[in-house]
Amino acid sequence: MQVVIVNCAQEVASLGARHCLNLITAKPEAVLGLATGSTPVALYAELIELQARGSISFAQCRSFNLDEYIGLDPGHPQSYRYFMNAHLFDHIDIDKNNTYVPNGMSDPQQSAEAYEKQIATAGGIDLQILGVGRNGHIGFNEPSSSLVSRTRIKTLTGGTIADNQRFFNKDEFQPSLAITMGIGTILESRKILLLATGASKAKAVRDLVGAPLSASCPASALQMHNSTVVIIDREAASELVHSEYYQQVKLETEQLANDND
């Protein structure tokens with residue numbers, strides 16, 4: 001695991017976009033694993049700008065999103081299909097027929113099984129983009145999730161529901177179930193890029209980087225992956241600098257920075 005600490009959230013997005021650019025330049029038909037949430041929005045804005053400048057094309061790419069709410073139509077403003085269209089797909093040259101989001105409106109078990117087959121048929125995911133929840137979840141793999149889990153139905157914790165409540169109107173239906181890629185599915189990606197910003201993510205970052213591998217912090221499973229890059233701002237790194245792991249992280253950060261010069 002390589003950990004890169006930068007100054008601010010915008011630098012997190014810019015460096016994340018550079019990793020995407022390098023991959024797609026080398027492999028125009030890359031398969032991308034995409035995430036929703038506030039952190040990836042800035043990354044997607046960077047990618048849109050890169051395409052506007054003619055630096056990148058997504059025309060040959062395919063994408064698979066991590067998750068989707070069960071019970072929300074793709075046209076619902078809070079569905080993750082709607083989110084991806086609004087924040088990325090409507091603004092780049094990707095063929096929307098090659099963008100996959102779990103189907104939250106059909107039989108969830110069948111949708112989950114079909115999603116695994118679609119990923120396999122595509123040849124697997126080249127780069128999986130992740131955020132991390134305050135409780136350490138990745139995708140909707142909440143604490144206690146199996147570290148070898150596959151795409152499946154998950155019940156959301158009260159904390160996750162509360163964190164996402166701000167996106168829903170007061171009297172609007174807010175799902176408590178979702179379809180999510182499993183941790184085992186995520187770990188099969190060839191490269192993983194996790195982005196985190198802000199002090200609210202500091203504990204999760206500390207646990208995913210340096211705490212013992214544990215289902216209580218699902219993101220700690222990334223310690224088992226052989227090509228994971230964690231890009232964080234100084235606020236998200238604030239609990240790392242007080243830990244015994246900081247010196248190693250600092251060395252890895254400096255080495256990666258030198259490699260990118």
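Leu194 stands opposite Val230 in strand 10. The exercises below start from that pair. The model is predicted: local features need pLDDT of at least 70, side-chain atom pairs count only at pLDDT 80 or more, and totals for chains, interfaces and linings use all residues. Residues are numbered from 1 along each chain as its sequence is written, and side-chain values use heavy atoms, with hydrogens and water left out.

**Exercise 1. Describe the surroundings of strand 10.**

Solution.
- Step 1: terms. Helices (H or I, at least four residues) and strands (E, at least two) are DSSP runs, numbered from the N terminus. Two strands pair if DSSP finds at least two bridges between them. Buried means under 20% relative accessible area, exposed over 50%, and partly exposed in between (1.4 Å probe, protein chains only).
- Step 2: partners. Strand 9 and strand 10 run parallel and are joined by five bridges. Strand 1 (residues 2-6) is also joined to strand 10 (residues 228-233) by five bridges, again in parallel.
- Step 3: residue pairs with strand 1. Ile5 stands opposite Ile232, and Val6 stands opposite Asp233.
- Step 4: cover. Six of the six residues of strand 10 are buried. Thr228, Val230 and Ile232 point one way, Val229, Ile231 and Asp233 the other way, and all are buried. In strand 1, four of the five residues are buried.

**Exercise 2. Give the strand order of the sheet that holds strand 10, and its edges.**

Solution.
- Step 1: order. Seven strands form an open sheet in the order 1-10-9-6-2-3-5, with parallel pairing.
- Step 2: edges. Strand 1 and strand 5 are the edge strands, since each pairs on one side only.
- Step 3: the strand 5 end. Two bridges join strand 3 to strand 5, and these strands run parallel. Phe64 stands opposite Tyr100 in strand 5.
- Step 4: a helix on the sheet. Helix 1 (residues 9-26) packs on the sheet and touches strand 1, strand 2, strand 6 (127-130), strand 9 (191-196) and strand 10. Contact means heavy atoms within 4.5 Å. The direction of helix 1 makes about 155 degrees with that of strand 10. Axes are lines fitted to C-alpha atoms, for helices over the stretch in contact, and angles run from 0 to 180 degrees between N-to-C directions.

**Exercise 3. Describe the sheet in the order 4-8-7.**

Solution.
- Step 1: pairing. Three strands form this open sheet, and the pairing is antiparallel.
- Step 2: edges. Strand 4 and strand 7 (152-155) each have a single partner strand, so one side of each has no neighbour in the sheet.
- Step 3: twist. From one strand to the next, the twist averages 30 degrees.
- Step 4: one pairing in detail. Four bridges join strand 7 to strand 8 (residues 177-180), which run antiparallel. Lys154 stands opposite Ala178 in strand 8.

**Exercise 4. Classify the crossing of helix 2 and helix 3, and list the residues that meet there.**

Solution.
- Step 1: geometry. The two axes come within 10 Å and cross at roughly 40 degrees.
- Step 2: class. Angles under 35 degrees count as roughly parallel, over 145 as roughly antiparallel, 65 to 115 as roughly perpendicular and the rest as oblique. Helix 2 and helix 3 are therefore oblique to each other.
- Step 3: residues. Val41, Tyr44 and Ile48 in helix 2 meet Phe83, Met84 and His87 in helix 3.
- Step 4: composition. The contact residues divide into five nonpolar, one polar and no charged. Ala, Val, Leu, Ile, Met, Phe, Trp, Tyr, Cys and Pro count as nonpolar, Asp, Glu, Lys and Arg as charged, and the others, Gly among them, as polar.
- Step 5: other neighbours. In helix 3 (residues 80-87), Tyr80, Arg81, Phe83, Met84 and Asn85 are buried. The elements that these buried residues pack against include helix 2 (38-52), strand 3 (62-65) and helix 5 (158-164).

**Exercise 5. State why Asn164 and Ala30 count as buried, and find what each touches.**

Solution.
- Step 1: Asn164. This residue is found in helix 5 and counts as buried because its relative accessibility is 13%.
- Step 2: its neighbours. Not counting residues up to four places away in sequence, Asn164 touches Tyr69, Tyr80, Phe140 and Gln174. The side chains of Asn164 and Tyr69 make a polar contact (3.2 Å). A polar contact is a pair of N or O atoms within 3.5 Å; within protein, one must be able to donate a hydrogen and the other to accept it, and residues adjacent in sequence count only if both atoms are side-chain atoms.
- Step 3: Ala30. This residue sits in the loop between helix 1 and strand 2 and counts as buried because its relative accessibility is 0%.
- Step 4: its neighbours. Leaving aside residues within four places in sequence, Ala30 is in contact with Leu23, Ile24, Cys61, Arg62 and Asp126. The C-alpha atoms of Ala30 and Asp126 are separated by 6.2 Å, although the residues are 96 apart along the chain.
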